[in-house]
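Hello,

Here is the structure I promised to hand over. Have a look through it first, and then read on for what turned up.

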Amino acid sequence: MSLALGRAGRSTATGTKRAGLATARGTRRVGLATASGAQRVGHATRRLTHAQGAGRTGLGRLIELTAANSAGDSLITLALAGTIFFGLPVNEARGQVALYLLITMIPFAVVAPFVGPVLDRFRSGRRYVMAGTLFARGLLCFAMAAAVGPGDVLTLFAGALGVLVLSKAYNVSRAAIMPSVLPADITLVSANARVALFSLVAAGIAVPIAAGLTAWLGAAWVLRLAMVVFLLLGVFAVRLPRHVDSPDLEEEEDERGERARWRTLLNVGPAVTEAMRANAAIRLFSGFLLFFLLFLVQDGHLKDLPTTTTIAMLAAAAGLGGLAGAAVANWARNHSPQLIVLLTLAVSLVTAGVTAFLFGLWAAVAVALIAAFAQELGKLALDAIVQREIGEEVRSSTFGVVEALLQVAWVFGGLVGLLVSDWSAGPGGLTAMAVVLALALGSLLVLRRARVKARDAKVQAKVNDARNDTRTTDVAVVEVADPPPAPTTTKPLTNPHG
């Protein structure tokens, strides 16, 4: 019997050894296949990011840096989603959500307008400014990871706001240097679209990974992973091409002795002003839709599917809309950015009106998709207009003001959505928002028409002045070239000798 037990033990050990070897070989094959697939994906991505001369000018490296930055932000967002700071249920109280919106607006309304001027002061070291925002976010991730365990709400709150401000500071600096790395074959709209497209794809890939890691390892370890990511990206930012940095220029003064910096910020030109107003209206609509539809779902006004499924569908539609906006911006690279901005506002208006008339689950999904599409496309066109119209000495400052304005508009729209969702079941609120968008679009068209008339009048006045000058010059030339003949007299011939 003992002999039989020994044989059985040896057989079991042999089988276990064979199974272990087979598992090891299978794991090795899977690892090699995964590494090979990742290498192929990396090479394909590098070909896309470095196409059309983007690798030569540094645009490709900037696209890769920004995409990885977006993935790092996604890690932080998913890690904090389950903490006690962000863990409040949405339908617990509208007052708590309104407080969250106001807290989100504070860094932009107070800090963002001052971030741009600081970045303009350091134009000769923009690589180091971008790297500084990345390093600082890495350190904040380390602090928040240490605060997750004991539940230090104050540290989580301060860290989250700091990450938010530094993320926007990075975006402002990145947008300001885009013309420095722009290849000759790529327009500003197309370059911005590439950055946005790869950033959205990277964030979409990072979200499920971050969610899985948070459920497996916990929020603290995901924040530590984000810390490593941002520290590595800071090193990568320092290694950007040197021509990203611009020499510091002395501030010029106009004839009244005012600094050109503040004069430019207060008068950014009609094209930038028009694009900013249109994007503010679109962002207002986007913020309104987010919280309006969210509370309608929570209150049971869209009962076709379970609440979680409906929210997931709306989130997926918004993500696809953003991707579509970036793709269309890359396709419409040869079209006027001003026209794109007005068209996105018109599309938002039509969508709001149609959704109010045909309100339902699928109409809500459609309006979420189109609103995200309009927001992404309009913002990319606005970035191109600012990069083209605003001088480098105040470009970062202008982008800081733009980011603050758009964030304030989004928060205001969210607050309106909270209030309207308390008394409207859907069509009434969307009808009111359609009226607001119609007023915004109508005012922009009226101002544009007045501006075109004024420009045409100036051109006509210059043409008339040139014609008058030409006529005066022609008369003067005729007077000089053809003088009247002098009168002639005939004198009698006389003999001087008598």
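Helices α3 and α5 cross in a left-handed way. In this predicted model, α3 covers residues 59-80 and α5 covers residues 126-148, and the two pack at an angle of about 20° with their axes 12 Å apart. Angles under 35 degrees count as roughly parallel, so α3 and α5 are roughly parallel to each other. On the α3 side, the contact is made by L62, L65, N69, D73, I76 and L80. On the α5 side, M130, L134, R137, C141 and M144 take part. Sorted by class, this contact has 8 nonpolar, 1 polar and 2 charged residues.

Next, the nonpolar cores. The largest one has 66 residues, and the members that touch the most others are F285, L293, L345 and L437. Helix α13 (residues 361-389) gives the most to this core, with 15 residues. L345 is worth finding on your screen: leaving out residues up to four places away in sequence, L345 touches A278, A281, I282, L437, A440, L441 and L444. There is also a second, separate core of 42 residues, which includes I76, Y170, V181 and A191. You have met I76 already, in the contact of α3 with α5.

One last residue to look at is S348, in helix α12 (residues 337-357). Is S348 buried or exposed? Its relative accessible area is 1%, and buried means under 20%, so S348 is buried. Apart from neighbours within four places in sequence, S348 is in contact with I282, F285, A374 and L437.

Enjoy exploring, and write back with any questions.

Best wishes

Terms used. Residues are numbered from 1 along each chain as its sequence is written. This is a predicted model: local features need pLDDT of at least 70, side-chain atom pairs count only at pLDDT 80 or more; totals for chains, interfaces and linings use all residues. Side-chain values use heavy atoms; hydrogens and water are left out. Axes are lines fitted to C-alpha atoms, for helices over the stretch in contact, and angles run from 0 to 180 degrees between N-to-C directions. Helices (H or I, at least four residues) and strands (E, at least two) are DSSP runs, numbered from the N terminus. Angles under 35 degrees count as roughly parallel, over 145 as roughly antiparallel, 65 to 115 as roughly perpendicular and the rest as oblique. A crossing is left-handed if the near helix is turned anticlockwise from the far one by less than a right angle, and right-handed if clockwise. Contact means heavy atoms within 4.5 Å. Ala, Val, Leu, Ile, Met, Phe, Trp, Tyr, Cys and Pro count as nonpolar, Asp, Glu, Lys and Arg as charged, and the others, Gly among them, as polar. A nonpolar core is a set of buried Ala, Val, Leu, Ile, Met, Phe, Trp, Tyr and Cys residues joined through side-chain atoms within 4.5 Å. Buried means under 20% relative accessible area, exposed over 50%, partly exposed in between (1.4 Å probe, protein chains only).
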